[in-house]
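The following paragraphs lead the reader through one structure, from its overall form to individual residues.

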Amino acid sequence: MGYFNCIALACLMALSFSSIDVGLATRHLQQMPPMPTLPTTTLPPLPSIPNLPQPTMPRPGALPPLPTMPALPTFPAIPTATLPPLPSMPSIPTIPTAIPSIPFLSPPPSPSSTP
């Protein structure tokens, strides 16, 4: 969190120092005497577009006939492939759901103490 505050403070200082120069430049521009007016020039008139001859369109019946398309070559018939039958999936063994009982082992006999 402290690192973020340090970065934020550095950015704030950089922005404030950069705005000082902008403020001084603005004041300098405001205190300058007014700019003299520049002389205006008149542009020459644009040249006129010359009249070009209009193309004459031929009559629709005067066009030559379009060439005929040659016949496309015929392709031989593609043989159809038959796939072999898929093998049958082996059956999944069933998992027993009954929990077998754990055999109860009796403790070993205690040694008898004889007096």
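What percentage of the 115 residues of the chain count as buried? The figure is 0%, where buried means under 20% relative accessible area, exposed over 50%, and partly exposed in between (1.4 Å probe, protein chains only). The model is predicted: local features need pLDDT of at least 70 and side-chain atom pairs count only at pLDDT 80 or more, while totals for chains, interfaces and linings use all residues. Residues are numbered from 1 along each chain as its sequence is written, and side-chain values use heavy atoms, with hydrogens and water left out.

The overall dimensions come next. The chain has a radius of gyration of 52 Å, whereas a compact globule of 115 residues would have one near 13 Å; the radius is taken over C-alpha atoms, and the globule rule is 2.2 Å times the number of residues to the power 0.38. The C-alpha trace spans about 140 × 85 × 20 Å along its principal axes. About 13200 Å² of the chain is exposed, with carbon and sulfur atoms supplying 73% of that area; accessible areas come from the Shrake-Rupley method with a 1.4 Å probe, and for residues only the protein chains shown count as cover.

Secondary structure amounts to one helix and zero strands, given that helices (H or I, at least four residues) and strands (E, at least two) are DSSP runs, numbered from the N terminus. Helix α1 includes L24, which counts as exposed because its relative accessibility is 54%. L24 also belongs to a nonpolar surface patch with L9, L12, M13, F17 and I20, and together these residues have about 630 Å² of accessible area. Such patches are made of residues with over 30% relative accessible area and no salt bridge (a side-chain nitrogen of Lys or Arg within 4 Å of a carboxyl oxygen of Asp or Glu); like charges are joined within 9 Å, and nonpolar side chains (Val, Leu, Ile, Met, Phe, Trp, Tyr) within 5 Å.

The count of disulfides is zero, a disulfide being a pair of cysteine sulfur atoms within 2.5 Å. C6 is in no disulfide, and the nearest cysteine sulfur, that of C11, is 9.7 Å away. That distance is too far for a bond. C11 counts as partly exposed because its relative accessibility is 46%.

The segment after α1 (2-30) contains P93, and P34 also lies after α1. P34 is exposed, at a relative accessible area of 76%, and its C-alpha atom is separated by 47 Å from that of P50, 16 residues apart along the chain. P93 is likewise exposed, at 66%. From C-alpha to C-alpha, P93 and L43 are 98 Å apart in space and 50 residues apart in sequence.
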